[in-house]
Amino acid sequence: MDSSRSPREISPLVRAIAIAVLALSGGVAAFATIAPEVPAPPSMAARVEPLALRASAAVLPASGTYSRQERFQRGDTLASLLERLAVPDADARRLVRLPALRLLRPGQTVSSEVDAEGELLRLSYVGAKDTLTVVERAGDTFRTQQAAAPLRTETVMRNGVIRVSLYAAADAAGIPDAIAVQIADIFAGDIDFHRELRPGDRFAVIYEQHYHAGRPVRAGRVLAAEFVNQGRTYRAMHYTTAQGASGYYAPDGGNLRKAFLRSPLEYSRISSGFGMRRHPFQRTWRAHTGVDFAAPVGTRVRAAGDGVVEFAGPKPGYGNVVILRHRGQYSTVYAHLSRFFPGVRRGAHVAQGDFIGHVGQTGWATGPHLHYEFRVGGQARNPYSIAMPAGLPVPAGELAAYRSQAEPLMAQLGLLADSAIALLE
């Protein structure tokens, strides 16, 4: 070894030899190259110097405003929303007392605008019936103005695959709940969304989305949809007849709307089917002449078809019950309700899908649910096995106009369906 080397120069070499010896003896699992410690030359030494910033770059311009948006979420309070918008406490105390802001509903987006000093100038949101509400500063107080919101409408195309439920699949595909509800309503006459959905079922939908100031406000109507359930394909197109009647029709012009809905509840599960069962109170085997849907108290109940209220009030066993008389020999029964919808009384006319009451636990009920009966000529029938009559088709004289409108939508649905199949592969 060259005795002229300094200790600082020898140290790296010694370490490298030591590592090699350990490697040969099994003490090291991987080789590494260790660079010698070489002091940085003086010209490469780190230097810290303060940088002078131009005043124009260090501060915000004195003029101009800045905006921020926050969505009013389920479980929010007005105070928590204003806190997320960074509204000063003094302004927040004034704003929570304004009636216009108490009309906020989950899902609506609120915009705030502040000046360069951070002072709140205005709040705005689009509410019910597309009304634009603006709350604007007026000195130390705020004033409210309301007007029709100018909306821009775009067509949106989405598809999805069922893993658990339609609503979970719609969520995963970024489809609004309002559109998922429409899909369920459109195909309700052909598909039992409570019992017949299977993992791998798929759907595609073309719908309207309304925007204000570049932000989505609400979903519009479904223009076309396809649903593949257990290998069977159903398609629907929206069409308005020359007489002004709107509905959803199959590609051949047949009406998808059945005279009766399969289920009078939007969200529920069947807790007791039609047929023989052990009666929960009498403890004997008896024929169950309806279908029970388990749902929380207060869940809204829909009329299964167009009809007239024959009875609305309490009955032994049934509790609060509504009986609807429909055309021909048909009638439907809705029992154990907690309360009735306003205007539901004997002789009142209701349309299919109108809300007539709320789920409850009145009468002979061991838990909150809806007891639903479908009767033909006064005899109870199983609503899930009987063939439901369909609505009127597209008028023969309008079939050409309908097909010209439906063909491009069907082509788009075909493209969406292909991409949905790709998701399964």
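1. Let me start with Glu373: this residue is buried, with a relative accessible area of just 2%. Its place is in strand 21, which covers residues 369-376. Keep in mind throughout that this is a predicted model.

2. What does Glu373 pair with in a salt bridge? The partner is Arg375, and the closest N and O atoms of the two are 2.9 Å apart. Side chains of opposite charge can pair when their charged atoms come close. Glu373 counts as buried because its 2% relative accessible area falls under the 20% cut-off.

3. Glu373 has polar company as well. Its side chain makes a polar contact of 2.8 Å with the side chain of Tyr318, and another of 2.8 Å with the side chain of His371. If you set aside the neighbours within four places in sequence, the residues in contact with Glu373 are Thr289, Gly290, Tyr318, Ser331, Thr332 and Val333. So if you are setting up this site, Tyr318 turns up both as a polar contact and in that contact list.4. On to the salt bridges as a whole: a search of the entire structure turns up 16 of them. One is the link between Lys258 and Asp190, whose side chains meet at 3.2 Å, N to O. This pair ties together distant parts of the chain, 68 residues apart. Lys258 sits in the loop between strand 10 (246-249) and strand 11 (269-272), while Asp190 sits in the loop between helix 6 (177-186) and strand 7 (202-212).

5. Are the two ends of that bridge buried or partly exposed? Lys258 counts as buried, at 14% relative accessibility. Asp190 is partly exposed, with a relative accessible area of 24%.

6. Another salt bridge joins Arg152 and Glu154, and here the closest N and O atoms are 2.1 Å apart. Both partners are partly exposed: Arg152 has 40% relative accessibility, and Glu154 has a relative accessible area of 34%.

7. Which residues are linked in a network of salt bridges? They are Arg68, Glu70, Asp76 and Arg84.

8. Now the nonpolar side. The largest nonpolar core has 28 residues, and Leu166, Phe187 and Phe227 are the ones that touch the most other members. At least two residues of this core come from each of helix 5 (166-172), helix 6, strand 7, strand 8 (215-229) and strand 9 (232-240). Which element gives the most to this core? That is helix 6, with 5 residues. There is also a second, separate core of 25 residues, with Phe260, Leu324, Leu337 and Leu370 among its members.

9. Why is helix 6 described as largely enclosed by the rest of the structure? Because 7 of its 10 residues are buried. The buried ones are Ile179, Ala180, Val181, Gln182, Ile183, Ala184 and Ile186. What do they pack against? The buried residues of helix 6 pack against helix 5, strand 7, strand 8, strand 9 and strand 10.

10. Last, a residue on the outside. Asp89 lies in helix 4, residues 89-95, and counts as exposed at 59% relative accessibility. Its C-alpha atom is separated by 9.4 Å from that of Ala79, with the two residues 10 apart along the chain.

Methods
Residues are numbered from 1 along each chain as its sequence is written. This is a predicted model: local features need pLDDT of at least 70, side-chain atom pairs count only at pLDDT 80 or more; totals for chains, interfaces and linings use all residues. Side-chain values use heavy atoms; hydrogens and water are left out. A salt bridge is a side-chain nitrogen of Lys or Arg within 4 Å of a carboxyl oxygen of Asp or Glu. Buried means under 20% relative accessible area, exposed over 50%, partly exposed in between (1.4 Å probe, protein chains only). Helices (H or I, at least four residues) and strands (E, at least two) are DSSP runs, numbered from the N terminus. A nonpolar core is a set of buried Ala, Val, Leu, Ile, Met, Phe, Trp, Tyr and Cys residues joined through side-chain atoms within 4.5 Å. A polar contact is a pair of N or O atoms within 3.5 Å; within protein, one must be able to donate a hydrogen and the other to accept it, and residues adjacent in sequence count only if both atoms are side-chain atoms. Contact means heavy atoms within 4.5 Å.
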